[in-house]
Amino acid sequence: MTDANYSLYQGTHKYVFARQQQMDAQTQVVIAGIPFDLATSGRPGARFGPAAIRQASVNLGWEKKRHPWPFALRDALSIADIGDLAFSHGDAKGAMEAVHDHVSQVVKGGAIPFMLGGDHLITLPALQAVHAKHGPVAVVHFDAHSDDYSGGSEFDHGSVFYHARKQGLLQDDKVIQIGIRTEQGSSPFKVLSADELWHSKAEEVVKRIKNTVGDAPVYLTFDIDCLDPVYAPGTGTPVSGGLSGPFVLELLRKLHGLNWVGMDLVEVSPPYDQSQITSLLAATMMTDMLCLLACQQNPQLLNPDGCSAKTLATA
């Protein structure tokens with residue numbers, strides 16, 4: 001038997017714009033892979049997501065300044081990719097404890113956690129750890145599902161926000177869910193359904209997001225099935241009628257100016273992908289999310305002279 005320190009799923013790649021493999025006093029963002037999919041209700045395979053996203057990120061590396069950002073992410077943000085977290089195979093409780101301990105260490109060290117899933121259950125222990133430092137947080141949640149269902153078990157990726165709300169981890173009036181197109185639970189969160197957004201302008205949606213979360217500490221969680229399966233077939237619970245890749249990228253790129261305290265990108269399942277299109281889109285979204293964190297650390301990166309790309313403008 002292998003021990004908890006040996007991963008059967010970890011690839012050899014690191015995220016392409018990460019300079020470090022360990023966190024130190026200067027680290028601003030810590031990337032960790034969580035190769036976990038024991039809470040999946042549909043098709044498994046998200047345990048392979050972290051390796052696939054990192055590998056796909058290599059395709060972005062030849063461009064120093066990733067379009068449309070007017071700065072080089074590698075120079076603008078101190079990023080450490082520490083690889084995948086270790087936990088014993090089949091131990092859902094132990095895996096969630098490992099996530100909690102990791103995120104707690106990161107936030108105590110003054111850095112921002114960025115997790116690659118894995119299924120969506122990994123968000124719950126991350127919220128618990130972030131809450132210990134920041135108190136109840138706002139959440140920007142991209143998904144096809146509300147994940148606030150009360151009928152799930154303790155370890156169920158569909159009950160993450162049900163448990164988070166019961167545990168007092170959230171500012172309920174500052175949680176906004178984007179892209180929902182399935183039956184919802186009873187939580188009082190703001191919901192922007194996918195069909196409501198089909199004909200919306202990105203500027204209008206971003207304004208609603210920012211008006212909802214305000215200046216609260218905010219956690220960004222992105223379930224890849226928010227996207228239509230045309231753009232992201234590699235996921236465990238695909239739902240037709242989702243958002244397009246270009247629209248989501250524009251939304252993410254306009255979300256600078258918020259008080260981000262943590263992020264994750266979950267539910268990429270490479271066995272169901274085609275030609276790496278899901279992993280490549282996930283790696284691109286990840287890069288845009290990290291650029292948001294770079295702008296948070298140094299708002300001057302988006303000065304009027306440097307921010308000429310229309311897609312970054314919020315007005």
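In this predicted model, the buried residues of helix α3 pack against three strands, β1 (29-34), β2 (79-84) and β3 (112-117), and also against helix α4 (123-134). The helix itself covers residues 92-108, and the residues of α3 that are buried include Ala92, Gly94, Ala95, Met96, Ala98 and Val99, followed further along by His102, Val103, Ser104, Val106 and Val107.

**Helix α3 and its ends**
- With 17 residues, α3 reaches 24 Å from its first C-alpha to its last, which is close to the 24 Å expected at 1.5 Å a residue.
- At the start of the helix, a side-chain oxygen of Asp91 comes to within 3.4 Å of the backbone nitrogen of Lys93, while just after the helix Gly110 adopts a positive phi of about 85°.

**Strands β1 and β2**
- The strands β1 and β2 run parallel and are joined by four bridges, with Val29 standing opposite Ile79 of β2.
- Strand β2 is mostly covered, since five of its six residues are buried.

**Nonpolar cores**
- The largest nonpolar core holds 64 residues, and the members touching the most others are Phe114, Val140, Phe142, Trp260, Leu265, Met285 and Leu290; helix α9 (residues 277-297) gives the most to this core, contributing twelve residues.
- Leaving aside residues up to four places away in sequence, Phe114 touches Val29, Val30, Ile31 and Ala32, together with Met263, Leu265, Met286, Met289 and Leu290.
- A second core, separate from the largest one, comprises 32 residues, among them Ala39, Ala95, Ala129 and Tyr219; of these, Ala95 is also one of the buried residues of α3.

Definitions and conventions
Residues are numbered from 1 along each chain as its sequence is written. This is a predicted model: local features need pLDDT of at least 70, side-chain atom pairs count only at pLDDT 80 or more; totals for chains, interfaces and linings use all residues. Side-chain values use heavy atoms; hydrogens and water are left out. A nonpolar core is a set of buried Ala, Val, Leu, Ile, Met, Phe, Trp, Tyr and Cys residues joined through side-chain atoms within 4.5 Å. Buried means under 20% relative accessible area, exposed over 50%, partly exposed in between (1.4 Å probe, protein chains only). Helices (H or I, at least four residues) and strands (E, at least two) are DSSP runs, numbered from the N terminus. Contact means heavy atoms within 4.5 Å. The expected span of a helix is 1.5 Å times one less than its number of residues. A polar contact is a pair of N or O atoms within 3.5 Å; within protein, one must be able to donate a hydrogen and the other to accept it, and residues adjacent in sequence count only if both atoms are side-chain atoms. Two strands pair if DSSP finds at least two bridges between them.
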